[in-house]
Amino acid sequence: MKLRQHRTLVLLAAALLLHACGGSSTPADSADAGPPAVDAKGCTAYGAPPRPLAPLSPDGLINDALSLLVQVCNNQGGDTLDWTDSEGTPRHACLITPKAASTSKPLPMLVWLHPTLFGQDSILATGLLDKINSANLSGDASTPGFILLLPLGRNIQQFLPAPLNTGVGWDHWYRNVDRSSPYLNVDFATIDHFIAVAKQRGNVVDNRVYVSGWSEGADMGSFYGLNTPGVAATGVYSTTSPFDDPSDPCPTAAFALNNKRPFYLMARACDIGGACPGEQQFLSDLRSGVLAPSLVSGVILDSSTKAVNQCNAQCDPGTAAGDALGQLEHITWPRQWNDTLLEFMRDNPE
């Protein structure tokens with residue numbers, strides 16, 4: 001089974017247990033009069049065509065049930081933001097703001113993107129909410145805390161066999177990141193919109209907007225952070241590459257418009273489907289002409305979240321350990337590294 005199949009299976013199982021392609025990013029005809037043409041291989045100049053909505057899916061129903069049970073935004077005193085994207089799809093985000101934030105004392109903002117299936121409620125598994133009032137992301141100990149923005153993905157058709165071909169996730173397969181194009185990736189446009197809405201309140205430090213994410217949220221977080229001027233730094237957990245995922249029918253070389261800002265990846269020595277080597281290859285790809293090597297960093301974590309120097313060869317793709325232990329590792333956010341992640345962001349204002 002391919003990597004993303006493993007991801008979907010694992011997250012589906014965890015949810016039940018918890019109850020709770022190829023081409024340039026900016027082709028010459030980016031301002032064309034019609035939608036991107038699809039070639040004989042089923043690809044556009046921006047990779048795969050935009051992912052369509054899935055009208056009904058078990059993944060979407062599970063996410064809806066979890067949201068009703070957990071209600072993370074309400075319980076954390078957050079504000080629900082609503083918008084309709086260019087395709088007419090209602091979009092939502094949760095904005096959680098510490099009471100200390102004000103126009104006279106603005107705070108940094110962390111944009112966190114959820115893994116497939118779980119939705120915004122998966123932020124509870126990271127421990128990041130425990131840091132929202134105390135972490136120093138501003139570089140000024142007298143103004144601790146950060147604003148947390150949690151956009152919600154869409155229930156879309158993904159490149160997986162049924163019944164795993166739908167889920168609440170992100171379209172990182174369609175790679176039009178040209179903000180002047182009417183066919184900009186709608187998830188990009190949605191995240192852009194919610195960041196702008198948050199900034200309009202006047203309590204966000206303009207040069208300290210950071211992006212993070214987990215699993216498919218890390219895929220989208222990487223893709224978005226690398227290609228969004230104004231993102232000061234991107235730090236994610238468990239992504240191979242949003243540009244050439246094993247299930248992607250229209251892969252392309254990695255690219256970045258926001259290529260002066262740093263990138264950090266937390267990887268597992270044993271990850272789903274033996275993903276660790278792919279994660280390290282992604283870092284290598286970024287260092288090979290996409291970003292300056294000094295801007296690319298990461299850590300490999302063993303089962304105890306201790307930093308190690310290399311992937312666990314016993315968990316290579318296709319191995320039993322890669323399928324079993326890797327699944328368990330993948331669904332466990334490395335809380336012990338939250339301070340390191342947040343310090344990386346603090347040390348890298350735009």
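The legends below accompany an overview and several close-up views of a predicted model.

**Figure 1. Overview of the predicted protein, with eight helices and 11 strands.** Of the 350 residues in the protein, 56% count as buried, and the accessible surface comes to about 13,500 Å², with 55% of that area belonging to carbon and sulfur atoms. The mean pLDDT is 87, and 85% of the residues reach 70 or more. Over residues 1-31, however, pLDDT stays under 50, although the model has 96 contacts beyond four places in sequence for this stretch.

**Figure 2. Close-up of the crossing between helices α4 and α5.** The axes of α4 (186-200) and α5 (residues 216-226) come within 11 Å and cross at roughly 70 degrees, which means that α4 is roughly perpendicular to α5. On the α4 side, Asp187, Phe188, Ile191, Asp192 and Ile195 take part in the contact, and they meet Met220, Phe223 and Tyr224 of α5. Sorted by class, the residues of this contact comprise six nonpolar and two charged ones, with no polar residue.

**Figure 3. Close-up of helix α5 and the serine that precedes it in the chain.** Helix α5 is mostly covered, with 11 of its 11 residues buried; among them are the charged residues Glu216 and Asp219, the glycines Gly217, Gly221 and Gly225, and also Met220, Phe223 and Tyr224, three residues that meet α4. Serine 215 lies in the loop between β7 (204-213) and α5, and its phi is near 60 degrees, a positive value in a residue other than glycine. Because its relative accessibility is 1%, serine 215 counts as buried.

**Figure 4. Close-up of valine 177 in the loop that leads from β6 to α4.** Valine 177 is placed between β6 (166-169) and α4 (186-200), and it counts as buried because its relative accessibility is 1%. The C-alpha atom of valine 177 is separated by 8.9 Å from that of alanine 189, a residue 12 places away along the chain.

**Figure 5. Close-up of isoleucine 272 in the loop between β9 and α6.** The flanking elements of this loop are β9 (263-268) and α6 (276-290). With a relative accessibility of 0%, isoleucine 272 counts as buried. Its C-alpha atom and that of serine 238 are separated by 9.2 Å, while the two residues are 34 residues apart along the chain.

**Figure 6. Close-up of threonine 305 in the loop between β10 and β11.** Threonine 305 is found between β10 (296-301) and β11 (307-308), and it has a positive phi of about 65 degrees although it is not a glycine. The residue has a relative accessible area of 10% and is therefore buried, given that the cut-off for this class is under 20%.

**Figure 7. Close-up of glutamine 314 in the loop between β11 and α7.** Glutamine 314 counts as exposed because its relative accessibility is 61%, and the loop that holds it is followed by α7 (320-330). When neighbours within four places in sequence are left aside, glutamine 314 is in contact with Thr319, Ala321 and Gly322. The C-alpha atoms of glutamine 314 and alanine 269 are separated by 9.6 Å, and these two residues are 45 residues apart along the chain.

Technical notes
Residues are numbered from 1 along each chain as its sequence is written. This is a predicted model: local features need pLDDT of at least 70, side-chain atom pairs count only at pLDDT 80 or more; totals for chains, interfaces and linings use all residues. Side-chain values use heavy atoms; hydrogens and water are left out. Helices (H or I, at least four residues) and strands (E, at least two) are DSSP runs, numbered from the N terminus. Buried means under 20% relative accessible area, exposed over 50%, partly exposed in between (1.4 Å probe, protein chains only). pLDDT is the predictor's confidence in each residue, from 0 to 100. Contact means heavy atoms within 4.5 Å. Accessible areas come from the Shrake-Rupley method with a 1.4 Å probe; for residues, only the protein chains shown count as cover. Axes are lines fitted to C-alpha atoms, for helices over the stretch in contact, and angles run from 0 to 180 degrees between N-to-C directions. Angles under 35 degrees count as roughly parallel, over 145 as roughly antiparallel, 65 to 115 as roughly perpendicular and the rest as oblique.
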